[in-house]
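Thank you all for coming; I would like to walk you through one model this morning, taking the contacts between chains before the details within a chain. Please have the sequence and the structure open as I go.

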Amino acid sequence: MSQKHLMKGNEALAEAAIRAGMKGYFGYPITPQSELLEYLSVHLNNRGGSFVQAESEIAAINMVYGAAGIGERAMTSTSSPGFSLMQECISYIACAELPCLLVNIVRGGPGLGTIQPSQGDYFQAVKGGGHGDYKLIVLAPNSVQEMADFVYLGFDLADKYRNPVLILSDGALGQMMEAVKFPDYDIEAHKVDKSEWATTGNATGTHKVITSLYIKTEKMEEVNLKLQAKYREIQEKEVRYETVETEDADLVIVAFGLSARVAHKAVDICREQGMKVGLLRPKTLFPFPKDQIKSLAEQVDQMLVVEMNAGQMLEDVQLNVSGKIPVEFYGRMGGLIPTPDEIVNKIKSMYEQYNPMEVTHV
Amino acid sequence: MAKIKGHISINIDNCKGCELCIVECPQDSLKMSEHINTQGYHYAVLVQDNCTGCTNCALVCPEAIITVYRESKNKTKKERVAVITNVTENITVNVS
Amino acid sequence: MSDTFNEGITCEFLDDCDIVWDRPDSLLDTRLHYCPGCGHSVVHRLLMEVVDELGIRDRTIGIAPVGCSVFAYNYLNIDMQQAAHGRATAVATGIKRVRPDRIVFTYQGDGDLAAIGTGETIHTVNRGENIVIIFINNGIYGMTGGQMAPTTLPGVKTSTTTSGRDVSIHGHPLKIAEMLALLPGAYYVTRTSVISANHVRKTKKALLKAFKYQMEGKGGVSFVEVVSNCPAGWKMTPVDSNKWLETNVFDNFPLGDIKLPVKD
């Protein structure tokens, strides 16, 4: 389908979900994701799915649990405080291995915070968020097009690994309008056989149970080991990222989502001014592009992490750089977006302060 | 009118000795055994030959371990079959 | 079902007998973990009798709550999902909305349905979801060691109301069935018990009705409250706990239909 649509990020995501065969959407209004809810309230019921405006985010995520558990594609969307409310059930979903799609259109926090865009939920998204050892597959779009594309990818990955997938976006990407193309997507061709575990009724004599409760400690550890093995497989096979002018770079910016859009502009400005700056943009935050960070740390002199938070992905970058080169951070919080000029100024100061004699390559 | 004849069987290994069947039995046909089962509970036993197969005990039994029988209303004797094994062939004989 | 283990009398005429009551097929042949005399076990069995009689095992999905009946799926040979504490009706909503052809029920205790899950309960009923809610009200948190429940009667001692529930401190017992009956989304609301064979028969009839309403696609929730016991939590014998229900609890939670379907 080559037709282009001018849409808000939230609407493009919602439209893609319908086209990806989503059967159940359960949500609760919260700014800045409400367009998603509104769009689906109009379109989902007459295009083969079911839309429910739940009484809370807690109810919404538990509806997703039920719908995913019977083997249908299900989704919820929310923004930061609502995502916090959902954490208990997300932990259940991860343990019960139910494929579903979650969307967090992040706003500034902590607390009730602000309704402006932020990336302050990075830790919550990639380090678990709820209780216990589990991981979500986390996709970070940086355009309205990717808001749509990652829905198809998200549902496919969820079904493939029986794991919840989170699209971690922000208020600006949700609200901005851009041209978007929806790919031809054959729902039937992407269907996965779920008959072994989905609770559709006991037709065989052997019943199926969806649970995250294992009272026997050895069994609970076994479940954990199985989950960890799955996460290792995902880390191995599903890393997605984009690089911009990193081949000859001596300084690389690492940024995701909206920050990466701004950072891309900063790279262009730097290049015009003769600075060899590149960009690494993780599209998957879990699995994190660890190897790419490690090999860039061998190539470049310095790294700069740009985020709309106090420095969260920064820790994952530092972990993989392992002290080999200096890693600096530039971030804005409270709903503010860094400007390209701010980033360029930061880069200039990094070049000025950089003294190769002080750096010991281990 | 002659009373209906009934009978019950109890899976005593799964009895937890709650005694609800005993108070529920209108015929006082049940009592608790002095022995204990593999779980350590005294268990219910049928001690009188006056069961009517009313099912009350089974209905209140939380463990669902009581099977209730009632004498067939259909008095025509069921055909019983005995199989006698011969060295060369099986012969089926009807016994009344 | 195993043959007779009776050490008492044996039967001379068993060959001439019909089996008039036996364990339902869909109740798994497993020893239940519930305490002696617990009403949960009886309701589990009744549910499976109903599922078998209606022939709906291949399309029924049950939701287990958090509480004593969290392991309901260990006994019921039907497909089941275990829900987070209080959220069973939300999970049921999710299932029913994407697969309206399935028969869906929740099985919840008073803590699950009437304390932590009050919001989900009220809104599920208010949306008129076409599901069955089975509510076991025994006025106590059994699994966690006998704390006060939303339905604990005034004056009753629990491990968090050691001098008895004082309504000026702890509030009043919540009559959630009466509250729910006020909502247009409630189709059938009834309160039963399982303290005697007759009560068990009535409870089964109520469950049969509730499931039939769902199968007929009648609009709304069918809500069956079973006022039950907790011998271990109440520190009584099973027989005494049932007597206590009759003498003390039924006055506060009167048995009978609270809301009947409006005749078409």
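Let me begin where chain C meets chain A, which together bury about 2700 Å², with 57% of that area on carbon and sulfur atoms. I should say at once that this is a predicted model, and that everything I describe is to be taken in that light. On the chain C side of this interface, the residues that lose the most area to chain A are C:Asp79, C:Gln81 and C:Val98, which together make up 22% of what that side buries. In terms of contacts, 33 residues of chain C touch 36 residues of chain A.

What polar interactions go with this? Between chain C and chain A the count is two salt bridges, and one that I can show you is formed by A:Glu55 with C:Arg127, where the closest N and O atoms are 2.9 Å apart. The count of residue pairs in polar contact between chain C and chain A, with both residues at pLDDT 80 or more, is 18. If you colour the side of chain C that touches chain A by element, you will find that strand 2 (60–64), strand 3 (79–82), helix 2 (88–98) and helix 4 (118–127) of chain C each supply at least two residues, and that helix 2 of chain C gives the most, with seven residues. By class, that side of chain C has 14 nonpolar, nine polar and 10 charged residues.

There is also strand pairing between these chains, since strand 9 of chain A, residues 209–210, and strand 3 of chain C pair in the parallel sense over two bridges. Within that pairing, A:Val209 stands opposite C:Met80.

Let me turn now to the other interface. Two pairs of chains touch, and of these it is chains B and C that have the most contacts: 50 residues of chain B are in contact with 41 residues of chain C. Chain B and chain C bury about 3800 Å² between them, 56% of it on carbon and sulfur atoms. How many salt bridges cross the interface of chain B and chain C? The rule finds zero, although 16 residue pairs, both members at pLDDT 80 or more, are in polar contact across the interface of chain B and chain C.

Several elements of chain B supply at least two residues each to the side that touches chain C, including strand 1 (6–10), helix 1 (20–24), strand 2 (30–36) and strand 4 (66–71). The largest share of that side, six residues, comes from strand 4 of chain B, and by class the side as a whole has 22 nonpolar, 15 polar and 13 charged residues. Strand 4 of chain B also pairs with strand 1 of chain C, residues 17–21, in the antiparallel sense over four bridges, and in this pairing the bridge partner of B:Arg70 is C:Asp18.

As for chain A and chain B, no contact joins them, and their closest C-alpha atoms lie 20 Å apart.

Now to the inside of chain A. An open sheet of five strands runs there in the order 10-12-11-14-15, with mixed pairing. Its edge strands are strand 10 (241–244) and strand 15 (327–331) of chain A, each of which pairs on one side only, and neighbouring strands of this sheet are turned by 20° against each other on average, direction ignored. Strand 10 and strand 12 of chain A, the latter covering residues 277–282, pair in the antiparallel sense over four bridges, and there A:Glu242 has A:Arg281 as its bridge partner. In the loop between strand 10 and strand 11 (251–254) of chain A we come to A:Glu245, which has a positive phi of about 50° although it is not a glycine.

Two peptide bonds in chain A also deserve a look. A cis bond joins A:Thr31 and A:Pro32, with omega about 5°, and A:Pro32 lies in the loop between strand 2 (24–27) and helix 2 (34–43) of chain A. Another cis bond joins A:Gly109 and A:Pro110, with omega about 0°, and A:Pro110 is placed in the loop between strand 5 (100–106) and helix 6 of chain A.

Finally, the structure holds 38 salt bridges over all chains, among them the one in which the side chains of A:Lys127 and A:Asp316 meet at 2.6 Å, N to O. Because A:Lys127 lies in the loop between helix 6 (122–126) and strand 6 (137–139) of chain A, and A:Asp316 in helix 12 (residues 313–321) of chain A, this pair ties together parts that are 189 residues apart in sequence.

Conventions. Residues numbered from 1 in each chain as written. Chains lettered and ligands numbered in written order. Predicted model: local features only at pLDDT ≥ 70, side-chain atom pairs only at ≥ 80, totals over all residues. Heavy atoms only, no water. Pairing = 2+ DSSP bridges. Axes fitted to C-alpha atoms, helices over the stretch in contact; angles between N-to-C directions. Contact = heavy atoms within 4.5 Å. Buried area = accessible area lost by both parts, 1.4 Å probe. Salt bridge = Lys/Arg side-chain N within 4 Å of Asp/Glu carboxyl O. Polar contact = N/O pair within 3.5 Å; in protein donor to acceptor, adjacent residues only side chain to side chain. Nonpolar A, V, L, I, M, F, W, Y, C, P; charged D, E, K, R; others polar.
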